[in-house]
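Please open the model in your viewer with both the cartoon and the side chains at hand. The stops below are meant to be followed in order, each one beginning with a selection.

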Amino acid sequence: MAKIWVVIGLVLLLSTACSESSSEYDSTGSFAPTPSGEDQVLVSAATSLTAVFAELSSEFESANPGIDVVLNFAGSTALREQILEGAPIDVFASADRSNMQRAVESGEVEGRPEIFARNVLQIAVSAGNPADVTGLDDFARSELLIGLCISTVPCGELAREALAKEGVTPSIDSVEPNVRALLTKVEAGELDAGITYLTDVLFASDAIEGIDLPSGQNVIAEYPIAVLTNARSPAAAAMFMKFVLSGEAQSILHEYGFISP
Amino acid sequence: MPFQQRSITTGRSPILLVVLGLTGLTFFVVPLLGLLWRVPWKRTPDLLTSQMVLDALRLSVIASLAATAISCVIGVPLAWLLARAEFPGKAIVRSIVTLPLVLPPVVGGTALLFALGRRGLVGGPLNQVTGLLMPFSLWGVILAATFVAMPFLVITVEGALHNLDEKHERAAASLGASRWMVIRRITVPMIAPSLIAGLALTWARAFGEFGATVTFAGNLQGRTQTLPLAVFVALESDRDAAVAISMIMVFVSLIVLIALRDRWWR
């Protein structure tokens, strides 16, 4: 009896895992070898670009039927590491200049990176703002549960920069590996406040509210994009980069809360 | 050398099994060599005495020992119930107990957050009544480690209880020993090797715990950042430090497993 239950449980687990991953692959294009005549562009993009790049790639694909865009999302630092270790990526879209700069210095970038978007920081609190957070000063309140992104990813680096500019020493309770992990804990009400990008709060669930920073306190994130030297389809990759910098793509980025460069 | 005696009695091992078995062994050894190869030996003493590593080591030792102790106090009785008591739905209970072994630890951490967090099913009322806060505290680290590690103890001890011939216990009972006395004087001593092996595995799993900890307890140096979390953080800032800490974890875990194997495992 016991064994049967274990087997049934495992089969269920595996089948849901498989169906989930296959549907995920469908939305971004398949990893299977493409038919001849179709170019595949592999794009590594920062986590904060997840929603907007999904839309950008489908717009691009419908305008260019011969090109298939495959998206790979992770923190900019992890993406840069993958690229330096030789991952066969065509286009890199980073959430900061320094990770792009590292890729340039290692000779991984073809031509010059270009800034395609800017983003600003916002304070994220759970719905109703139960801890009554009003600004960066509140991050020093030790009775609150405060979270920041880890300092090695852009959102963590910029948040610390903004706090330092105001002379606030934050009373941190958790350092989260990326924006999404931080948002999840604020959303669940486990953290009282965190600092994320404006675009993340804009598209988070109703359980999250954003508190704007006065423009003098804010720090601006810049997103560079570049075609890589290891690109398998350099021509299609250059087309995608050109599209992201185009007016059409810029208006989509604007809808998602990004600021044009 | 028991290995030699056995090979004499059973003859030579089939060549196919040797080749496949050695391939299996290689699969475990190569990653260790990969790590060894990158160890920055000169910088290692400095890297391992940094405040971040010392803080993480202290938390890892406290949390893994506490998780092992908690597992012993509540996991062994659970194993006894599974092995000896009769109750409906036992198969399902057993599956639930072993679930943390196959679940991604991140899922375990998420479940703990929604159950024991400040707004959680149990954590909410608990926080209102006692003011206790599990996430982002050492308690959270200990609970996360216990959740993923205790199944090792339960499974090992339950297996030992199943294999134990009940005639000794029955004999003691027939001589007038109370149930508690039978458990204390007969059952526990007889399963001692398995119990200790299970405790060692539980400790090793708790010592290496990452996913549930980072999800449920967070990651803050000096409060919730254990050694595996320190490795994760260091990987993106100082790769040498990450390799040095990883090396220490491999070394400590290996020493404990080898020491216990020689003394208590068969």
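Throughout this tour, buried means under 20% relative accessible area, exposed means over 50%, and partly exposed lies in between, with a 1.4 Å probe and protein chains only. The model is a predicted one, in which local features need pLDDT of at least 70 and side-chain atom pairs count only at pLDDT 80 or more, while totals for chains, interfaces and linings use all residues. Residues are numbered from 1 along each chain as its sequence is written, chains are lettered from A and ligands numbered from 1 in the order in which they are written, and side-chain values use heavy atoms, with hydrogens and water left out.

**Chain B as a whole**

Begin by selecting chain B, which has 14 helices and zero strands, where helices (H or I, at least four residues) and strands (E, at least two) are DSSP runs numbered from the N terminus. Its C-alpha trace spans about 65 × 65 × 30 Å along the principal axes, and of its 266 residues 39% count as buried. Contact here means heavy atoms within 4.5 Å; among the contacts in chain B between residues at least 6 apart in sequence, 72% join residues at least 24 apart.

Next, select B:Thr226, which is found in the loop between α12 (211-216) and α13 (227-237) of chain B and counts as buried at 5% relative accessibility. Leaving aside neighbours within four places in sequence, B:Thr226 is in contact with B:Ala56, B:Leu59, B:Ser60, B:Val141 and B:Glu209.

**The interface between the chains**

Now show both chains together: 28 residues of chain A are in contact with 25 residues of chain B. The two chains bury about 2,200 Å² between them, 59% of it on carbon and sulfur atoms, where buried area is the accessible area (1.4 Å probe) that two parts lose on being put together, summed over both. A:Asp173, A:Lys185 and A:Glu190 are worth colouring separately, for they supply 24% of the area that chain A buries against chain B, more than any other three residues.

Of these, take A:Lys185, which lies in helix α6 (residues 179-187) of chain A and is buried, with a relative accessible area of 3%. Beyond its neighbours within four places in sequence, A:Lys185 is in contact with residues of both chains, including A:Glu176, A:Leu191, B:Leu113 and B:Phe136.

**Salt bridges**

What pairs the chains by charge? Between chain A and chain B the count is four salt bridges, a salt bridge being a side-chain nitrogen of Lys or Arg within 4 Å of a carboxyl oxygen of Asp or Glu. Select A:Asp173 and B:Arg223, whose side chains meet in a salt bridge (2.9 Å, N to O); the pair crosses from strand β6 of chain A to the loop between α12 and α13 of chain B. A:Asp173 is buried, with a relative accessible area of 5%, whereas B:Arg223 is partly exposed at 31%.

Then select A:Arg80, A:Glu81, A:Glu85 and B:Arg239, which are linked in a network of salt bridges. Within this network, A:Arg80 and A:Glu81 meet at 2.7 Å, N to O, and A:Glu85 and B:Arg239 at 3.3 Å, N to O. Both A:Arg80 and A:Glu81 are buried.

Staying in chain A, select A:Arg118 and A:Glu222, whose side chains form a salt bridge (2.1 Å, N to O). A:Arg118 lies in strand β4 and A:Glu222 in strand β9 (residues 220-228), so the pair ties together parts that are 104 residues apart in sequence. A:Arg118 is partly exposed, with a relative accessible area of 24%, while A:Glu222 counts as buried at 18%.

**A loop and a disulfide in chain A**

Move to the loop between β4 (109-126) and β5 (146-149) of chain A, where A:Asn129 is found. Phi of A:Asn129 is near 45 degrees, a positive value in a residue other than glycine; most residues other than glycine have a negative phi. A:Asp132 lies in the loop between β4 and β5 as well and has a positive phi of about 55 degrees. A:Asn129 is buried at 16% relative accessible area, whereas A:Asp132 counts as exposed at 53%.

Finally, select A:Cys149 and A:Cys155, which form a disulfide with their sulfur atoms 1.9 Å apart, the rule being a pair of cysteine sulfur atoms within 2.5 Å. The torsion about their S-S bond is about -110 degrees, so the disulfide is left-handed. Both cysteines are buried, and the count over all chains comes to one disulfide.
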